[in-house]
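Subject: Structure handover

Hi,

Here is the structure I promised to pass on to you. My notes on it follow below, so keep the viewer open while you read.

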Amino acid sequence: KEFLRDMISNISHQLKTPLAALDLYMEILTREPENAEAVSAFTQKSLRSLERMEQLIRSLLKMARLDTGSIVFEKGYCPVSEIAAQAVGELAERAKREQKQILFEGIHEERIFCDPEWTKEAVENLVKNALDHTDAGGVIRICWKSTPVILRLTVEDDGCGIAPEDIYHIFRRFYRSGSLGDRQGAGLGLPLAKAIVEGQGGSLNVESSPGEGSIFTITFPA
């Protein structure tokens, strides 16, 4: 009962902003149906709000499944390069649009024992986070290296970094630093990535300094 109560509360809280925005956009569209420019602009804004709602609901439902242990990770040996490339996917277009680079570094044939779909999602969330906190001209590096004991994959950026008072809270759900201003994010990507990695027996850690970027490190047993 507590779990359901918390989930309903979280969903309600997170949907308030996009729903309020949609309400406003619909009101404007109703008032100015003949204004083609306004119709086009606020239709696009409405679609973005709907997309945000969809992403929020998907993330919350995934967190719920992880919390209840209803996910069975289907592990196998997978090329790290493929997971990294799939994680970037459509984000490559966003990076290009925002004038940011995403670089890869690691042995192409290196393999990792994990669930490829879920691990790809964890890495994708880390790359999204890096893009959110890196300005135009910035560089995001995805690197991987193995030892006889572990495989380590890092997502490194040269963005704004994390304040010391925030670094111990960033994996909490819905946590948003007051220093972020209007930067993107709902505070779900990093907790979801951590839950996915730890659910497979790995670990996710971060090193960061304000103004010097951040390094998120995923470690899996070899």
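Let me start with Gln-99, which counts as exposed because its relative accessibility is 57%, over the 50% cut-off. This residue sits in the loop between α4 (91-97) and β2. Its backbone deserves a look too: phi of Gln-99 is near 60°, a positive value in a residue other than glycine. For background, most residues other than glycine have a negative phi. There is a positive phi at a glycine as well, since Gly-69, just after α2, takes a value of about 70°.

Before going further, please bear in mind that this is a predicted model. The mean pLDDT of the protein chain is 87, with 92% of its residues at 70 or more. Confidence is highest in strand β2 (residues 101-105), at a mean of 97, and lowest in helix α1 (residues 2-31), at 78. As a general caution, predicted coordinates should not be read in detail where pLDDT is low.

Back to the loop. Is Lys-100 buried or exposed? Lys-100 also lies between α4 and β2, and it counts as buried because its relative accessibility is 11%, under the 20% cut-off. And what does the side chain of Lys-100 reach? One partner is the backbone oxygen of Leu-131, at 2.7 Å. Another is the backbone oxygen of Thr-134, which lies 2.6 Å from a polar atom of the Lys-100 side chain.

Next, helix α5 (residues 116-132). At 1.5 Å a residue, its 17 residues should span 24 Å, and the end C-alpha atoms are indeed 24 Å apart, so the two values agree. Helix α5 is mostly covered, with 13 of its 17 residues buried. Asp-115 caps the N-terminal end of α5, placing a side-chain oxygen 3.1 Å from the backbone nitrogen of Glu-117.

How does α5 pack against other helices? Two partners are worth noting:

- Helix α6 (residues 189-199) packs against α5 at an angle of about 150°, with the axes 9 Å apart. The two are therefore roughly antiparallel to each other, and α5 passes α6 in a left-handed crossing.
- Helix α3 (residues 80-88) packs against α5 at an angle of about 55°, with the axes 8 Å apart. That makes α3 oblique to α5, and the crossing of this pair is right-handed.

Helix α6 also meets α2 (residues 36-68). The axes of α2 and α6 come within 10 Å and cross at roughly 30°. Because the angle is under 35 degrees, α2 is roughly parallel to α6. The crossing of α2 and α6 is left-handed.

Now for α2 itself. It has 33 residues and reaches 48 Å from its first C-alpha to its last, close to the 48 Å expected at 1.5 Å a residue. Its buried residues include Ala-38, Phe-42, Ser-46, Ser-49, Met-53, Leu-56 and Leu-60. In general, an α-helix has 3.6 residues a turn, so residues three or four places apart point the same way.

Three residues of α2 give a feel for its surroundings:

- Glu-37 lies in α2 and is exposed, with a relative accessible area of 66%. At the start of the helix, a side-chain oxygen of Asn-35 reaches to within 3.2 Å of the backbone nitrogen of Glu-37. Glu-37 and Val-206 are 169 residues apart in sequence and 45 Å apart in space, C-alpha to C-alpha.
- Thr-43 is also in α2 and is partly exposed, with a relative accessible area of 30%. A polar atom of the Thr-43 side chain lies 2.5 Å from the backbone oxygen of Val-39. The C-alpha atoms of Thr-43 and Tyr-25 are separated by 7.7 Å, although these residues are 18 apart along the chain.
- Ser-49, another residue of α2, counts as buried at 9% relative accessibility. Ser-49 and Pro-18 are 31 residues apart in sequence, yet their C-alpha atoms are 5.2 Å apart in space.

One reminder on those last pairs: helix α1 (residues 2-31) is where confidence is lowest, at a mean of 78.

Enjoy exploring it!

Best wishes

Technical notes:
Residues are numbered from 1 along each chain as its sequence is written. This is a predicted model: local features need pLDDT of at least 70, side-chain atom pairs count only at pLDDT 80 or more; totals for chains, interfaces and linings use all residues. Side-chain values use heavy atoms; hydrogens and water are left out. pLDDT is the predictor's confidence in each residue, from 0 to 100. Helices (H or I, at least four residues) and strands (E, at least two) are DSSP runs, numbered from the N terminus. Buried means under 20% relative accessible area, exposed over 50%, partly exposed in between (1.4 Å probe, protein chains only). The expected span of a helix is 1.5 Å times one less than its number of residues. A polar contact is a pair of N or O atoms within 3.5 Å; within protein, one must be able to donate a hydrogen and the other to accept it, and residues adjacent in sequence count only if both atoms are side-chain atoms. Axes are lines fitted to C-alpha atoms, for helices over the stretch in contact, and angles run from 0 to 180 degrees between N-to-C directions. Angles under 35 degrees count as roughly parallel, over 145 as roughly antiparallel, 65 to 115 as roughly perpendicular and the rest as oblique. A crossing is left-handed if the near helix is turned anticlockwise from the far one by less than a right angle, and right-handed if clockwise.
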